[in-house]
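Biologist: Could you take me on a close look at a single part of this protein? I would like to follow one helix and see what surrounds it.

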Amino acid sequence: GIRNNGLSDRITVLRGRSTSLTLPERADLVVAEIIGDEPFDESILPSLADACRRHAKPGAAFIPESLTLAVQPLDMPRKLRAQVMFTPDVCAEWSELYELDFTCLLDAARRPTAVRQERPCEYLQPLVQGSPVFLPAVAFPNDQRAYSAQVAWPGRADTRAFALGFLATLADGIELTN
């Protein structure tokens, strides 16, 4: 595609992980399409921290410009909860990653496997309990390799489930969310 479009004199393709490569010169723009199901999947923070430190010129633009984690409290009836089981390992991983207590998702009487179910917003809407909690955004460029935030929980004490989502600001006025 690059050669066919006459761009070979302006674009050089380097193969490999950005954290293992050395660029011939620093970049004016860093584009990272490494947002997974969860915003901090696929090592986006360490990868962009490395890009900021080693690959970007001072003042370089980053896409995405920022990532915001959203946590939506849900009131999930027992019958619906029985369809999904969260293991202690999964809850511990999520609790450490997001610094929220996910142990309310545990139910020792259920089968010992974790299942993620993709559901449209319309499916979850009747379960919504209050407003989502938006954690502080991570803005790029920066050299932040990990994320830590504390927020006051405005939800009800009997919250039984959480839906995790994100808002990625790609550029002014352009957002991607799940």
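Modeller: Happy to; we will start at helix H1 and then visit the core and the pocket that it helps to form. Keep in mind that this is a predicted model.

Helix H1 spans residues 44-55. Its buried residues are Ile44, Leu45, Ser47, Leu48, Ala49, Asp50, Ala51 and His55. Where do the buried residues of H1 pack? They lie against strands E1, E2 and E3, and also against strand E5 (138-139).

Now to the core. The largest nonpolar core has 35 residues, and Phe40 and Phe102 touch the most other members. H1 supplies at least two residues of this core, as do strand E2 (56-63), strand E3 (66-74), helix H3 (88-98) and strand E6 (161-171). E6 gives the most, with five residues. In soluble globular proteins, nonpolar side chains tend to be buried together. For a look at one member, take Phe102: leaving aside residues up to four places away in sequence, its contacts are Cys91, Trp94, Ser95, Phe162 and Leu164.

H1 also takes us to a pocket. The second largest pocket holds about 750 Å³ of space. Its lining has 26 residues, and the closest to its centre are Ser18, Leu23, Ala27, Val30 and His55. That brings back His55, one of the buried residues of H1. Strand E1 (27-31) and H1 are the elements that give two or more residues to this lining, and E1 gives the most, with five. Sorted by class, the lining has 13 nonpolar, six polar and seven charged residues.

Technical notes:
Residues numbered from 1 in each chain as written. Predicted model: local features only at pLDDT ≥ 70, side-chain atom pairs only at ≥ 80, totals over all residues. Heavy atoms only, no water. Core = buried A, V, L, I, M, F, W, Y, C linked by side-chain atoms within 4.5 Å. Buried < 20%, exposed > 50% of the residue type's maximum accessible area, 1.4 Å probe, protein only. Helix = DSSP H or I, 4+ residues; strand = E, 2+ residues; numbered from the N terminus. Contact = heavy atoms within 4.5 Å. 1 Å grid on protein atoms, 1.4 Å probe; cavity = no way out; pocket = protein on both sides within 12 Å on 5 of 7 lines; lining within 4 Å. Points joined across faces, edges and corners; volume = space filled by probe spheres on them. Nonpolar A, V, L, I, M, F, W, Y, C, P; charged D, E, K, R; others polar.
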